[in-house]
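Reader: I'd like a close look at a single part of this model, with enough of the surroundings to place it. Could you walk me through it in plain words?

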Amino acid sequence: MNNFYQKEMETMPVEQIKKMQSEKLVKQVRYVYDNVEYYRNLMDEKGVSPEDIKGLEDLHKLPMLTKDDLREAYPYGLLATDLKNCVRIQSTSGTTGKRVVAFYTQKDIDMWEECCARAIVAAGGTNEDVCHVCYGYGLFTGGPGLNGGSHKVGCLTLPMSSGNTDRQIQFMIDLKSTILCCTPSYAAYIGETLREKGYKPEDNFLKAGIFGAEAWTEEMRHDIEKSLGIKAYDIYGLTEISGPGVSFECSEQTGMHINEDHFIAEIIDPDTGEVLPEGSKGELVFTSIDKEAFPLLRYRTRDICVLTRNKCSCGRTFVKMSKPMGRSDDMMIIRGVNVFPSQIEAVLLNEGYAPNYQIVVDRVNNSDTLDVYVEMDEKDFSDKVKDMTKKEKSLSAAIKAMLGINPTVHLVAPKSIQRSEGKAVRVIDKRKRLGINM
Amino acid sequence: MSIKQLSVFAENKEGTLADVTDAIAQAGVDIRAMSLADTQDFGIVRLIVDDIESAKQKLNENNCFVSVTEVVGVAVNDEPGGLARVIRLFADNGINIDYMYAFISVSKKNAYVVLRVDDCKAAEDLLVKNGVTLINEDDVAKL
């Protein structure tokens with residue numbers, strides 16, 4: 001299935017992509033230097049001038065930006081154009097700390113929506129599809145991004161936004177939605193609710209789903225595909241760079257193609273900031289080479305992943321990023337061990353539990369504690385305490401084998417962990433109230 | 001011959017047990033016997049009721065986790081040594097008791113014991129062979 005929205009770009013030979021990126025980068029650095037005082041100061045401090053950037057090979061000389069810079073420069077400090085040229089503001093979902101706002105010109109919006117259109121087409125979308133968008137609409141980029149992409153493809157767009165699961169299901173069935181766009185945890189929740197209402201996977205009209213905005217595992221993909229009877233595609237993006245669609249999955253489902261005509265990706269060592277060779281695991285850094293209003297250069301995403309440029313069966317030449325192993329700020333350090341919620345989720349799914357869980361980290365007597373609350377399924381419930389305790393112990397052992405630290409597992413009643421219709425609250429770190437810096 | 005026990009998962013949270021008993025009350029079901037196993041995190045409420053299907057349905061509607069298990073019901077003479085004789089039989093024949101609880105019936109002036117074992121049939125055969133009186137579902141409803 002070779003579905004392209006902009007085939008010429010998406011299948012451009014690698015040398016040509018790099019040449020194009022080089023040319024755009026040189027121009028963009030000059031533009032940012034001239035128009036963004038905040039970044040100009042950073043460049044001056046580092047002793048780098050726009051003339052020093054002659055192409056991709058000089059990218060590493062530029063200073064990097066972090067979320068802290070965006071907070072410091074809030075709201076207009078990184079804006080590169082006059083506000084009268086801007087048509088939109090979006091904001092980060094606030095997963096971590098204070099919100100950050102991003103600005104868009106109409107051209108920026110078009111580019112972003114085209115990126116989403118590429119993702120929809122790669123998932124098999126055409127103008128004959130009914131695209132059901134239940135990402136949140138509003139400041140969050142999920143809803144507006146996929147909504148715009150769906151329009152560009154010409155799909156019949158259902159701007160559901162999040163919440164009201166009963167109505168989602170009614171419209172999904174009555175209006176024959178074929179493509180579902182939402183967070184993976186909400187997709188799983190819809191699947192679960194459909195089953196409870198007595199629908200079989202073949203009773204809906206969905207053929208594909210485009211799921212992003214949070215980390216999810218292959219096991220969860222498998223579960224969602226089974227419960228909804230669809231093929232589930234990953235999509236990645238961040239408000240700071242544009243929104244969903246910075247990269248997206250093709251039919252091969254072995255990583256997400258980064259839209260390299262608009263974004264340059266690098267992998268760095270998160271500790272030293274050193275650029276790592278292709279194929280290394282490290283922090284993803286993006287440079288936005290087409291953006292007019294909010295053009296970030298070398299923005300550190302805190303997402304840990306790997307970039308690879310193997311020939312892809314879909315025909316796309318854009319570099320692929322692996323599913324982020326977790327945002328580096330999702331990472332918890334528990335008893336000195338780096339732990340990502342996605343690792344615990346993988347164990348749960350592997351052991352036959354649904355991915356409905358909550359992780360609570362605390363510090364008791366100067367030692368970190370890790371409690372994992374897992375919802376049981378009917379089959380897990382036994383009238384014998386011994387059996388239940390055994391299940392908890394065996395799950396603890398499996399988690400310990402994965403992480404190297406001992407958790408306490410608590411089996412809890414079904415639906416007792418609060419469901420989110422946007423992003424799931426997976427981690428409660430009570431150490432934060434103690435003012436411990438992690 | 002065995003009787004059915006209703007087991008309900010009860011998280012160790014305020015009001016959980018009241019939710020369970022409320023649901024059974026709403027179903028109009030009479031509780032014959034009850035036992036609560038507790039751990040640090042959760043409890044398991046085990047119930048013998050006069051109408052298991054109605055109770056189960058109501059509990060399900062209230063999002064309670066319910067399972068139905070076969071248990072052995074024994075009528076024990078309400079006199080010293082009545083229970084000891086039954087338990088000794090299990091011990092001598094290598095039948096492990098997971099848990100048990102007892103109740104009395106005011107109308108029948110009898111004591112009853114509910115026993116959870118892995119193999120109900122084997123336990124019942126043993127008891128019958130030794131002249132112990134068992135109770136069945138109908139007996140429970142009439143108690």
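Which residues does Asp383(A) touch, leaving out those up to four places away in sequence?

Author: Happy to. Keep in mind that this is a predicted model. Leaving out residues up to four places away in sequence, Asp383(A) touches Gln5(B), Ser7(B), Ile44(B), Arg46(B), Ser67(B) and Thr69(B). Asp383(A) sits in the loop between strand 17 and helix 11 of chain A. Is it buried or exposed? Asp383(A) is buried, because 23 other C-beta atoms lie within 10 Å, and the cut-off for buried is 20 or more.

Now the contact between the chains. Chain A puts 14 residues into it, and chain B puts in 14 residues too. On the side of chain B that touches chain A, the elements giving two or more residues are strand 1 (3–11), strand 3 (42–49) and strand 4 (66–76) of chain B. Strand 1 of chain B gives the most, with 4 residues. By residue type, that side of chain B splits into 4 nonpolar, 6 polar and 4 charged.

Next, what flanks the loop in chain A. Strand 17 of chain A belongs to an open sheet of 4 strands, in the order 18-17-16-19, with mixed pairing. Strand 18 (408–412) and strand 19 (427–429) of chain A are the edges, each with a single partner strand, so one side of each has no neighbour in the sheet. On average, and ignoring direction, neighbouring strands here are turned by 20 degrees against each other. Within the sheet, strand 16 (residues 357–364) and strand 17 (residues 367–375) of chain A pair antiparallel over 8 bridges. One spot to look for is Asp362(A), which stands opposite Thr369(A) in strand 17 of chain A.

Two helices lie across these strands. Helix 11 (residues 385–403) of chain A lies across strand 17 and strand 18 of chain A, at about 135 degrees to strand 18 of chain A. Helix 10 (residues 341–350) of chain A lies across strand 16, strand 17 and strand 19 of chain A, running at about 125 degrees to strand 16 of chain A.

There is also a nonpolar core with members from both chains: it has 58 residues, among them Met376(A), Val8(B), Val74(B) and Val117(B). That core lies apart from the largest one, which has 92 residues. In the 92-residue core, the residues with the most contacts inside it are Ala119(A), Ile120(A), Ile179(A), Cys181(A), Ala187(A), Ile210(A) and Ala265(A). Helix 5 of chain A supplies the largest share of it, 10 residues. As a sample of the packing, Ala265(A) touches Ile258(A), Leu284(A), Phe286(A), Leu307(A), Val319(A) and Met321(A), again leaving out residues up to four places away in sequence. In soluble globular proteins, nonpolar side chains tend to be buried together.

Now for the other sheet in chain A. This open sheet has 11 strands in the order 4-3-5-6-7-8-9-13-12-11-10, with mixed pairing. Strand 4 (156–159) and strand 10 (263–268) of chain A stand at its edges with a single partner strand each, so one side of each lacks a neighbour in the sheet. Strand 10 of chain A runs antiparallel to strand 11 (residues 281–288) of chain A, joined by 6 bridges, and Ile264(A) stands opposite Thr287(A) in strand 11 of chain A. Helix 5 (residues 106–122) of chain A packs on this sheet, touching strand 3 (130–133), strand 5 (179–182), strand 6 (208–212), strand 7 (231–237) and strand 8 (244–249) of chain A. The direction of helix 5 makes about 20 degrees with that of strand 8 of chain A.

Strand 7 of chain A is worth a pause: 6 of its 7 residues are buried, so the rest of the structure largely encloses it. Strand 6 of chain A pairs with strand 7 of chain A in the parallel sense over 5 bridges, with Gly209(A) opposite Ala232(A). Together with helix 9 (residues 218–228) of chain A, these two strands make a right-handed β-α-β unit. Strand 7 of chain A also runs antiparallel to strand 8 of chain A, through 3 bridges. Those two form a hairpin with 6 residues between them, and Gly243(A) in the turn has a positive phi of about 155 degrees.

Conventions. Residues numbered from 1 in each chain as written. Chains lettered and ligands numbered in written order. Predicted model: local features only at pLDDT ≥ 70, side-chain atom pairs only at ≥ 80, totals over all residues. Contact = placed C-beta atoms within 7 Å. Nonpolar A, V, L, I, M, F, W, Y, C, P; charged D, E, K, R; others polar. Pairing = 2+ DSSP bridges. Axes fitted to C-alpha atoms, helices over the stretch in contact; angles between N-to-C directions. Core = buried A, V, L, I, M, F, W, Y, C linked by C-beta atoms within 7 Å. Buried ≥ 20, exposed ≤ 12 C-beta atoms within 10 Å, placed from the backbone. Right-handed = clockwise from strand over helix to strand, strands pointing away.
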